[in-house]
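Thank you all for making the time this morning. I would like to walk you through one model, starting from a single residue and working outwards to the interfaces.

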Amino acid sequence: MPNRRDFFSRISDGLMGTALASLLADDVRAEQRLHDLSPKKPHHAPKAKAIIQLFQNGGPSQVDLFDYKPALEKHAGQAPSRDLASEIRAVRETGGLMPSRYKFARHGQSGVEISEALPHLAKVADEITVVRSMHTTHLAHEAALFMMHGGRILPTRPSLGSWIAYGLGSENRNLPAYVVLDDPKGPPINFIQNWQSGWLPAVYQGTRVRSEGSPILNLHAKAEDPAGIVDLSRSLLHRMDAAHRDRHPGNVELQARIANYELAARMQSEATDAFDLSKESEATKEAYGLNDERTASYGKRCLMARRLVERGVRLVQIYIEQQIWDNHNKIWEGLEYACGKTDRPAAALVRDLKERGLLDSTLVVWGGEFGRMPISQAPGANAGRDHGPSGFSIWMAGGGVKRGFTHGATDEIGYRAADDKVSVHDFHATVLHLLGMNHRNLTFQRDGRHERITDEFPARVVQEILA
Amino acid sequence: MSNWIAKPLIAVLAAAGSLAAAPRFESDILPILRAKCAGCHGEKGAQAGLSVIRRDALLKGGKSGAAVAPGKPNDSLLLSMTATGKMPMAGPKLTAAELGTLRQWIEEGALDTGETAGSVRPMVAQRDVETILSAKCWVCHGRREQRAGLDLRTHASMRKGGKSGPAVIPGDADGSLLVKRIAAQQMPPPNLQEQYSVRGLTDDELAKVKQWIADGARPDDERPIEVSAATDTAITAKDRAFWAFQAPQRAPLPNPSAHPVDAFLRAKLPAAEPQALLRRAYFDLTGLPPTPEQIAQYDNNYERLLDQLLASPRYGERWARHWLDAVGYADSEGGNNSDLARKNAWRYRDYVIRAFEKNKPFDRFLTEQIAGDELFDHRSVKQLTPEHMDLLAATGFWRMAPDGTNSTEQNFIPERMDVIAGQLEILGSAVMGVSLGCARCHDHKYDPLPTRDYYRLVATVTPAFDPYSWLPGDFPCGGVGAKCDENNTRTFVAKATPEYEAVAAHNAPIDARIAEMEKAISALNKTDASFTKDKNALNEKIRKEREQRKLPPLIRALFDLGPQPPPTRILLRGDAASAGPLVAPGPPSIMSAGLPEYRPVQLEHSSGRRLALAQWLTHPNHPLTARVMVNRIWQHHFGTGLVSTPGNFGRMGAAPENQPLLDWLATEFVRTGWDVKAMHRLIMTSAAYRQQAGENGYPLRRIDAESIRDTILQLAGRLDTKPFGAPDAIKQMPDGEVITESRRRSVYVTHKRTRPISLLETFDQPFMNPNCVQRGQSVVSSQALHLMNSDLVRENARFMAGRIADAVGDRPDAQIERAYLLALARKPTADELRAAREAMERSIPEWTRKLETEKPAEPVVSRARWLALATICHTLMNSAEFLYLD
């Protein structure tokens with residue numbers, strides 16, 4: 001039967017950690033922990049306190065953006081080898097090797113190579129590390145997304161963000177630790193499963209915040225009651241609940257419930273402020289592209305992310321309109337749209353964080369669930385590229401990552417990661433490391449196993465990209 | 001341009017290795033193996049079929065597969081077993097230097113003196129070839145189809161071949177049609193690969209097929225592993241001694257005159273107030289509170305109350321919900337983003353509700369779910385009765401796990417094995433009380449569940465869940481995928497029914513008209529100016545005709561796909577591409593001691609493997625089935641089971657809080673004929689259940705998500721009790737909230753995995769992935785936000801106030817009293833009455849001001865009084881006492 005200690009295997013929002021801890025001090029054994037969002041001590045001194053993940057659903061094409069492959073020009077149109085062909089799904093539509101239409105150049109003092117499709121990013125090239133040797137294991141979006149977020153190609157596992165919230169808690173008592181900003185034009189594939197907490201307590205799951213309309217579900221009633229009514233109802237409720245609690249002395253769950261009603265009231269004001277972009281300067285809005293229809297939506301979310309990180313939110317994940325990088329056909333049109341929508345806001349975010357002195361303590365990560373094939377899919381002018389899980393590129397900035405650096409390489413045609421390969425597990429271990437955690441020690445006891453995000457897979461921190 | 005793809009690094013590694021003295025088998029390796037391994041794997045015997053004293057024996061390997069793969073140290077069991085210290089089991093381990101020598105030898109190609117790099121090839125066994133062909137060829141040349149007369153499943157059938165001649169000519173790889181067609185990339189046909197979720201063979205795979213044929217296409221001389229609990233050496237006596245794997249023992253009652261439960265478990269607190277007990281019993285058995293009228297009628301005859309509640313249709317709905325959690329019921333497929341609807345899953349839900357309502361004996365209930373299709377010959381029965389339909393619907397049990405195989409991208413063998421794994425996880429956690437997932441990839445670390453037993457269990461279902469002959473989704477198939485028609489779908493099309501005849505008669509003239517119009521379209525002249533217009537007009541007509549078609553009666557079910565079930569092999573490390581030894585079907589050995597041997601039931605129409613599994617599970621001496629179920633019943637009466645980990649009775653699960661009581665209840669359950677309602681009566685009449693709530697007493701607990709929604713509707717007088725049928729729709733609002741306009745009980749509302757109803761999700765309705773044997777009970781601020789601000793709660797509070805005013809008039813005291821009775825099943829105390837009346841009186845002017853400015857034309861005073869009462873009702877719906885069972 002539930003007793004006080006059992007409550008620890010239950011959950012609470014957090015924000016009442018101190019009150020509960022004192023209430024329970026005598027009851028708590030050292031190894032037990034309260035599942036709340038109070039700040040936790042990292043394993044080692046962290047480089048980054050917060051992370052903004054700019055998730056690029058669909059699989060951006062590495063050979064058109066970051067990974068220049070002259071061999072594709074030399075051998076344009078040649079048929080792929082049997083091994084490559086065996087990984088193709090749409091066999092009938094497949095053509096030969098297809099070079100990029102974009103010109104590549106080295107940018108900044110560091111000379112990071114970026115294609116002309118990302119002119120804004122090129123201007124902050126000296127701030128970023130491009131990893132060109134990422135690889136994953138499954139070529140379907142769903143499975144690859146589960147892999148990227150949860151470390152396995154199957155659902156049910158906690159997302160990286162949930163692990164971070166579990167490991168570090170939040171530094172703001174009035175806001176969620178893990179905020180998800182999805183695109184009003186459509187949710188990503190796998191939807192809420194991208195930020196689920198799996199078998200970690202639900203308090204660590206991402207809180208989906210909308211960038212249009214009411215940011216948090218039911219934060220306010222659709223038709224407001226008169227202010228006096230709200231107060232009357234609250235005080236009557238408090239009275240009822242206090243009497244009920246007194247009939248059950250020492251019941252932590254009832255105590256937590258009362259605290260949560262108080263938190264809900266605080267959130268109504270604080271959350272509203274955090275998402276209010278009208279307080280930003282005109283120059284900032286312009287920089288993020290809020291005045292341009294193409295960039296306004298993504299820019300708004302990037303700017304919200306900065307405001308949230310300023311307020312101590314641990315992790316902000318921004319999703320993109322469904323999967324605009326999934327360019328199976330008409331890739332040149334598709335890339336123009338996707339880059340046009342995201343390039344400027346993403347670069348503005350990096351620069352803005354830097355100017356505000358937040359970049360050193362904020363890790364920005366840009367990338368999708370896989371990359372794309374160096375061969376063409378669909379004929380002629382409609383040509384696109386199919387999913388390519390064996391090699392792809394991401395970039396990272398700030399938060400203890402090298403500035404103006406390129407890591408790893410794919411093979412001659414950009415198909416498969418070849419040098420200094422970085423697996424998804426390596427990526428997870430590295431992100432956790434930057435946030436002050438060791439992926440081997442960030443564990444959760446479940447069914448007698450010490451679960452961790454990297455599971456039993458080999459994983460290493462990519463030391464080469466650490467500043 | 002030959003190096004597009006990184007080739008294996010053997011050459012590079014070999015070059016590096018040649019700097020050291022290159023090890024050779026006779027001179028360098030054999031001495032190590034003789035010293036450390038040959039005791040068990042040598043002249044005296046070859047444990048696990050492996051001998052290490054000859055190189056070809058190492059290449060061939062033992063029952064776990066090849067021990068040495070030349071050039072591939074990571075695929076060589078010899079190295080991984082010794083390097084991880086698993087081997088030798090006894091005696092000194094290999095030294096680091098010895099391991100280094102072994103690794104170098106394998107990396108360089110496992111050579112012997114005088115040989116050159118690359119000259120030693122890995123052995124290819126028939127099972128290696130079978131693994132490749134089963135994934136890439138059997139869909140068309142296997143169990144359900146033999147295109148061109150070709151069956152590639154067995155050695156004999158490959159030799160025999162199809163209408164073009166033998167597929168395999170031993171010793172002549174390049175002359176074998178199998179190789180020719182594959183090498184020319186004619187097979188698998190490129191234009192069908194996507195549709196059938198098949199990929200072409202890689203170089204490596206083709207090389208294996210060729211080598212096997214070139215080496216003589218030798219058949220494996222293999223017999224499936226059979227296990228008898230009586231002689232099984234894999235399980236130790238100590239394993240068998242663990243309490244959960246021994247049959248429950250019925251201890252004599254410590255005090256024969258006491259209530260049996262109380263004889264084992266003494267209540268610490270005095271009996272609860274009658275009204276608190278009344279509310280508790282109502283929620284426990286029906287998921288709803290008593291109405292004021294039911295409260296008034298209650299004459300303290302508690303046992304008669306229990307009889308009434310157990311006879312209520314609301315009871316079936318309530319307890320079906322618990323079972324549906326345990327088996328992971330959802331109205332959508334899950335497994336991928338499209339999360340397609342499972343349009344016919346509801347028949348299983350209705351079956352479960354009826355089963356609880358009618359108090360179907362649990363052993364029968366379980367048997368029907370596991371093998372309802374084997375209980376009668378559904379293929380040749382003349383007329384399907386409602387009972388037959390129920391037996392088929394019951395097998396929907398096997399169709400609950402998330403299943404993304406409706407997408408061609410996720411319909412490969414590994415994903416199919418995932419679906420089977422999901423189902424076995426459900427069977428394990430909901431029925432057997434063990435976690436089976438670990439044993440899929442390695443022997444269970446804590447419980448005596450070897451991987452062998454996992455795959456033996458897989459073999460009990462593969463006649464129906466054939467990974468190489470996988471059925472597309474529900475008919476009509478919503479997704480994409482292989483051929484889907486009435487004969488190729490996992491929904492059973494109930495043909496032998498009058499309903500089917502009627503539908504067919506209805507559809508026939510429509511189909512004739514459609515066929516005619518399709519003919520007309522093909523006859524149109526493309527060069528005519530009106531071609532597009534005419535074609536579109538006809539297509540539009542066809543579309544309208546199609547809308548008039550009716551669907552036949554469809555049952556989402558599991559049934560054997562005909563004779564000759566596929567071979568089931570242990571998949572090494574769970575990897576579908578690494579086939580291990582063959583296994584025969586059977587249940588876990590650890591639970592089988594003292595039970596009759598598992599033998600498939602001899603049936604004409606089906607393999608009988610699942611019926612035998614059901615008989616094994618429901619044997620009166622089964623160590624777990626009855627315990628797990630009585631524990632579940634206990635858990636839903638007390639919040640926590642006697643074993644607090646209801647899905648894991650194994651070593652990593654919790655020990656039973658009171659094993660004598662658990663075992664007494666389990667044996668009583670069997671003794672009463674697995675009578676679920678009798679078990680409720682037994683538990684609920686105990687003093688332990690009837691005591692006051694509080695620490696050490698009856699555990700205070702929150703009502704669950706569905707009870708919250710259903711109760712709010714009932715308080716508002718709006719609950720629609722219409723039972724059964726297709727689930728009611730949900731919809732997503734612009735702000736993302738998922739709601740339903742249905743007023744039926746939540747169990748009848750669509751449960752779409754990716755679109756949970758926001759209110760239910762917030763109150764811990766589980767995400768079925770695959771199932772949930774114990775719900776979380778969170779306390780988060782979003783719950784407060786929902787109850788305070790969501791339309792559902794606010795709107796129904798107003799309905800509740802309106803119904804109260806209708807019932808008792810406009811006297812505030814009478815109104816408040818009824819509000820308390822409705823929400824809390826008790827009258828307010830004098831203090832509470834005063835506080836609520838004051839709040840009401842003070843809120844009337846607030847509402848009046850608002851109404852005067854907004855709707856001056858309407859009666860302001862009476863509306864303000866109604867809204868003030870609604871404020872009280874809304875506050876009650878937010879209160880802890882409303883949400884918790886005292």
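Let me begin with Asn300(B), which counts as exposed because its relative accessibility is 53%, the cut-off for that class being over 50%. Please keep in mind throughout that what you see is a predicted model. Asn300(B) sits in the loop that runs between α14 (292–297) and α15 (302–311) of chain B, and its phi is near 70 degrees, a positive value in a residue other than glycine.

There is a second case of this kind in chain B, namely Gln564(B), which is not a glycine and yet has a positive phi of about 55 degrees. Gln564(B) belongs to the loop between β4 (554–556) and β5 (568–571) of chain B, and with a relative accessible area of 52% it is classed as exposed.

While we are on backbone geometry, I should also mention the cis peptide bond that joins Met187(B) and Pro188(B), for which omega is about -15 degrees. Pro188(B) is placed in the loop between α8 (177–183) and α9 (190–196) of chain B.

Moving up a level, the domain assignment divides chain B into domain 1 (10–107), domain 2 (126–214), domain 3 (499–550) and domain 4 (789–885). If you take the C-alpha centres of domain 2 of chain B and domain 3 of chain B, they are 41 Å apart.

Now to the interface between the chains. How many residues of chain B are in contact with chain A? The contact involves 84 residues of chain B and 83 residues of chain A. The size of an interface is often given as the accessible area lost when the parts come together. For chain B and chain A that area is about 7400 Å², with 57% of it on carbon and sulfur atoms.

Turning to specific pairs, there are four salt bridges between chain B and chain A, and a salt bridge with an N to O distance of 3.0 Å is made by the side chains of Glu881(B) and Arg247(A). Polar contacts across the interface of chain B and chain A come to 16 residue pairs, counting those with both residues at pLDDT 80 or more. On the side of chain B that touches chain A, the largest share comes from helix α34 (residues 830–854) of chain B, which provides nine residues. By character, that side of chain B is made up of 33 nonpolar, 29 polar and 22 charged residues.

Finally, let me look inside chain A, where the assignment gives domain 1 (46–215 + 278–465) and domain 2 (220–274). The C-alpha centres of domain 1 of chain A and domain 2 of chain A are separated by 39 Å, and the contact between them takes eight residues from domain 1 and seven residues from domain 2. These two domains of chain A bury about 780 Å² between them, of which 43% is given by carbon and sulfur atoms. Of the area that domain 1 of chain A buries against domain 2 of chain A, 51% is supplied by Arg173(A), Asn174(A) and Arg311(A), more than by any other three residues.

Arg311(A) also forms a salt bridge with Asp273(A), in which the closest N and O atoms are 3.1 Å apart, and the count between domain 1 of chain A and domain 2 of chain A is two salt bridges. The residues of domain 1 of chain A that touch domain 2 of chain A divide into two nonpolar, two polar and four charged.

Definitions and conventions: Residues numbered from 1 in each chain as written. Chains lettered and ligands numbered in written order. Heavy atoms only, no water. Domains from an automatic or database assignment. Contact = heavy atoms within 4.5 Å. Buried area = accessible area lost by both parts, 1.4 Å probe. Polar contact = N/O pair within 3.5 Å; in protein donor to acceptor, adjacent residues only side chain to side chain. Helix = DSSP H or I, 4+ residues; strand = E, 2+ residues; numbered from the N terminus. Nonpolar A, V, L, I, M, F, W, Y, C, P; charged D, E, K, R; others polar. Buried < 20%, exposed > 50% of the residue type's maximum accessible area, 1.4 Å probe, protein only.
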